[in-house]
Structures are given as structure tokens and as C-alpha cells.
Amino acid sequence: MSLGLAHVKALSGIVGNENIYTDKAHLIAYSYDATRNRFNPDAVLFPRDEKDVSEVLRYCDKNGIIIVPRGAGSGFTGGSLSVKGGIILAFEKHMNKILEIDMDNMVAVVQPGVINMELQKAVEAKGLFYPPDPASEEHSTIGGNVSENAGGMRAAKYGITKDYVMALRAVLPNGEIIRAGKRTIKDVAGYNIAGILIASEGTLAVITEITLKLITKPKFTKTAFGVFPSVKHAMSAVYKTFAEGITPVAMEFLDNLSIKAVEQRFKKGLPMDAGAILITDVDAPVQNLLDEQMAKIDEVFKQNGCNEFKIAKDENEAKDLWFARRNCSQSITVYGSKKLNEDVTVPRSKLPELLDEIDKISKKYDILIPCFGHTGDGNVHTNVMVDGSDKKQVEIGHKAIEEIFRAAVDLGGTLSGEHGIGISKAPFMKMAFTDTEMNLFCSIKKAFDPNNILNPYKMGLD
Ligand SMILES: Cc1cc2nc3c(=O)[nH]c(=O)nc-3n(C[C@H](O)[C@H](O)[C@H](O)COP(=O)(O)OP(=O)(O)OC[C@H]3O[C@@H](n4cnc5c(N)ncnc54)[C@H](O)[C@@H]3O)c2cc1C
């Protein structure tokens, strides 16, 4: 499908000729995300402000033109892909400003195209803290983070994007502007529309302004590293640490395959025969509280089989302890040219059972599944490694993925802790939700977007 000349002219009239592109280079540049799937849009459009967004949406709604909002395109599930053409609405050119940092109420107001790390730096310069830290923090936008409800390593203690969204401004597909939420801690008037828009993956409305809660930056942090004989021992240590009343900022893990992959690639002297390692950060407003937490973690880890426990003496040592975790994603490609990477999540106490199930699936299909991730919040990155040129192996890999999803759902978990549904996980929605629940999702979509112009063919709704 291509956008007729009359539509291009009408849209240029709204945003200006310099903000609409239909040339090949732009269509290709905006055709992909981190899934590496590619779908060319018909046009790429850079709105200057909320009014532009409103007029563009009104025009497209009337003319049945698909709109796909896009942040940095770092999504792992195809949410920002224009799978059946239409217009990509991108915010990085104009709608990328931090509008306000309100020190008195500890709130930031931003446009959707602001990069996560830029916001973190801006508020930290004022002694405040915005905790959500997806690994894509250098690139991904706050608009994309809200639309995917992104989380990061600090989620174990500080929660995820939804815990910081106080209010949103958004444009409905018919061009009307809505406000959802308030700059108040308490707000119980009406339905929680902001809550519905968070993680809606651009399918309900285009978010044009975000009001975020900030907190005070913790003064002291410390990093520790524990080596365990098996994944089961490590997973028990994870949930028992929290059950003992310690809430680490991050609690990340690598299994034996992930450890070996990093060691093979970087020769860092990692324990090759370890079943798993855990890397954890704690923070506190005062030093002795920090030391108390570390002493307790040391105790719980040892009670759960930890045979080596190191605490970083300074920032450089902390960086060293984090090295394996920061580099495991790229290292595991030693096991196969294609990585089928999912991010299932279960309640923390179910982690040992989840990892056990994954081990059985790996043996059943004779396929390697290195696992690592954010065990402090029950989120495991499972990586089914296959030879991308071997069709049969890729097919088997997908079967293994389906069984991993089933195991997570059966353990009371979810298909995705971070990456969302998009197109990649759409076929599995019916595994996780009943017909009644899916119908409710579809009714919500219809209420916001009756003509189905906003990011259709996503989240299993079509
Ligand atoms: C190396 C790497 C590491 C990653 N690590 C993490 C991680 O630790 N945690 C995590 O949660 N995710 C992670 N991700 C996934 C991804 O970065 C997040 O999902 C991120 O929130 C996407 O932001 P984005 O700006 O790139 O949005 P995009 O990918 O461009 O879009 C994501 C979705 O948001 C919608 N959208 C974007 N802007 C708007 C708007 N203004 N209004 C309405 N809808 C909008 C899009 O339509 C799409 O559905 C990682 C990705 C990569 C490549």
C-alpha cells in the first residue's frame, strides 16, 4: 500500500513539508526494530507538537490511514513496526524535551521523545532519581518506556515505569486530547485511564506528555557476587533474601552456560564449573545500614550453598563484578547463530521450578537454553539457541519457546516481564488470557479506536 499524493499533500499542510518523508531512505530507516523484522511504512512523520498529533490523527481516522507511534525502535516484539504500511509517527525530532523538573513536588514533565538516560542525568544533576533503567536506557524513549511499561535491573527494589507515571496527556485516534492522572500522590477520581495506557503499546492513544514521580537519590551503594553449585541453590537464595527482609536494588543471575560463554569470549577468570552466579546491588541512605544488608545477604547466600562470596571494595571492583552480566547477552551467541530470546516472569518463589522446567525442555529438544536475568523480580531471559540456517532447528526452537511460555503461565507467571507482546508474542495471548479477558481487551481497543487505525495487528487483538 502506498500513501496517495493527495494524502501526503494534506498531511504536509498540517506538519510542514520538512516533517513528512516518503523517500526510500527514510522508509527503510524506520522499517525495523530490535526484532530485526522489517516492514516499510508509507511515510514517516515528525509532529512538532500535540496539536500536530491531534490534526494528523483526526485526518488519518477520517481517511482510514494506519498510524504507528514510534520511540527509538528498540522494542523486542515489533510494537513499532508498520506491519501493513501506514504512517510512522516519530517524536525524536521535535517532541523530545524535558518540560519541567518540579523540585518541590519531586516530579518531572517530559515529552515522549526524551531518551531515558537524558532524563536520569537531568534529574540526578538536581539530586533526584528516576529509577526505571532498561538496559536500552541510552537509546529508548520515555514514550516507548511508558507504552511498554519498561523495567530494568533496579526493578527489584524500585519497581518499573508504571510505578513512576503520575499523569499523561494523550491524543485519541479521532484527534481529541485527553488528560489522565494528576500531579498528586493520591487520585482516586474516575477510572485509571493512565493505567490502561501504560503498556498499551501504542494501540489506544498517542502519548504526548508524561508526568513522572521522582525520588531522592540513595547515597551509598555496594555490589556483591556469589557463586552457587546449581541454579536451584541460586534461585532459593534469591527469594529467601527478600523473605528475610532485605530488598536489594538488583539481583541478577547467570546460569552455567551463560558463565561459560562470557569466559570463552573474554577470559575473565569466571568460575566455569559453577551452576550459577548471582550479582547483587544494595543501597541505603547511611553506611551502617548498607553493611547490615550485605552481612545478611552473605548469610542467606551461604545458607543456600554459596561457596564464594565477594564484596566490591570500590567502583572499579563493582564494575568488574558486573562484567559477566553486562556481557552475557552478546556472549551466548557462541551457542548458535540465532537467539530466540524471551523474558518470561514468575513469582520469585517459583523461580527454581521455572528453571527446572526450562532444563527439562532443553533436554527434551536437545537444544541449548542459556538463561540469565533479573531474578530479583522473577524475570528470566531464556535464550533458545539455534542455527539460523537450519529451518528444522528453528522450528524446534519455537516449540521449545511455546513450552517455556506454558511453564511460566502454569506457575502463575506471565508471557513477558519487559518486552511486551507486539507481533512476536501475539499468538500466545490466548494461552495466558481467557476468551472473556481477550474480549475485554478488544472492547477497550474499540472504545479508544473504533476505526482500528492506531497500531493495528498487535497484541493479538485482531
Ligand atoms: C539492547 C536492548 C536492551 C533492552 N533492555 C530492556 C530492559 O532492560 N527492559 C525493558 O523493559 N526493555 C528492554 N528493551 C526493550 C525496549 O528497549 C523497551 O521496550 C523500550 O521501552 C522501547 O522504547 P523505544 O523508545 O525504543 O520504543 P519503540 O520500540 O519505538 O516502541 C515501543 C512501543 O511503544 C509505542 N510507542 C512509542 N512511543 C509512543 C507514544 N508516544 N505514544 C504511544 N505509543 C508509543 C510503539 O508504538 C511501540 O508499540 C531492550 C531493548 C534492547 C534493544
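## Exercises on strands, helices and a ligand shell

Strand S17 (residues 371-374) pairs with S18 in the antiparallel sense, over four bridges. Two strands count as a pair if DSSP finds at least two bridges between them. Strands (E, at least two residues) and helices (H or I, at least four) are DSSP runs numbered from the N terminus. The model is predicted: local features need pLDDT of at least 70 and side-chain atom pairs count only at pLDDT 80 or more, while totals for chains, interfaces and linings use all residues. Residues are numbered from 1 along each chain as its sequence is written.

**Exercise 1.** Find the bridge partners of S18 in strands S17 and S16.

*Solution.* Start with S17: glycine 373 has valine 380 of S18 as its bridge partner. Then look at the hairpin of S17 and S18, where four residues lie between the strands and glycine 378 takes a positive phi near 80 degrees. Now turn to strand S16 (residues 338-342), which runs antiparallel to S18 and is joined to it by five bridges. Here lysine 338 stands opposite valine 386.

**Exercise 2.** Decide whether the two faces of S18 are buried or exposed.

*Solution.* First, the rule: a residue is buried if 20 or more other C-beta atoms lie within 10 Å of its own, exposed if 12 or fewer, and partly exposed in between, with C-beta atoms placed from the backbone. Next, take one side: Asn379, His381, Asn383 and Met385 are buried. On the other side, Val380, Thr382, Val384 and Val386 are buried too. Eight of the eight residues of S18 (residues 379-386) are therefore buried, and the strand is largely enclosed by the rest of the structure.

**Exercise 3.** Work out which side of helix H12 is buried, and check its span.

*Solution.* Begin with the span: the expected value is 1.5 Å times one less than the number of residues. For the 15 residues of H12 (residues 351-365) that gives 21 Å, and the end C-alpha atoms are 21 Å apart, which agrees. Next, list the buried residues: Leu351, Leu354, Leu355, Ile358, Ile361 and Ser362. They cover an arc of only 115 degrees around the axis, which puts them on the same side of H12; the arc is that of the directions from the helix axis to the C-beta atoms. Finally, Lys360, Lys363 and Lys364 are exposed on the other side. A general rule helps here: an α-helix has 3.6 residues a turn, so residues three or four places apart point the same way.

**Exercise 4.** Repeat the search for buried residues on helix H13.

*Solution.* H13 (residues 391-410) has 20 residues and reaches 29 Å from its first C-alpha to its last, close to the 28 Å expected. Its buried residues are Gly397, Ala400, Ile401, Ile404, Phe405, Ala407 and Ala408. They cover an arc of only 160 degrees, which puts them on the same side of H13. The face turned away from that side carries the exposed residues Lys391, Lys392 and Glu395.

**Exercise 5.** Describe the shell around the ligand.

*Solution.* Of the 35 residues around the ligand, Gly71, Gly75, Gly79, Gly144 and Gly202 come nearest; a residue is near if its C-beta atom, placed from the backbone, lies within 6 Å. Next, sort the shell: 12 residues are nonpolar, 18 polar and five charged. Here Ala, Val, Leu, Ile, Met, Phe, Trp, Tyr, Cys and Pro count as nonpolar, Asp, Glu, Lys and Arg as charged, and the others, Gly among them, as polar. H5 gives the most, with five residues. Last, domain 1 (5-90) and domain 2 (98-216) both give residues to the shell, so the ligand lies between them; the bounds come from an automatic or database domain assignment.
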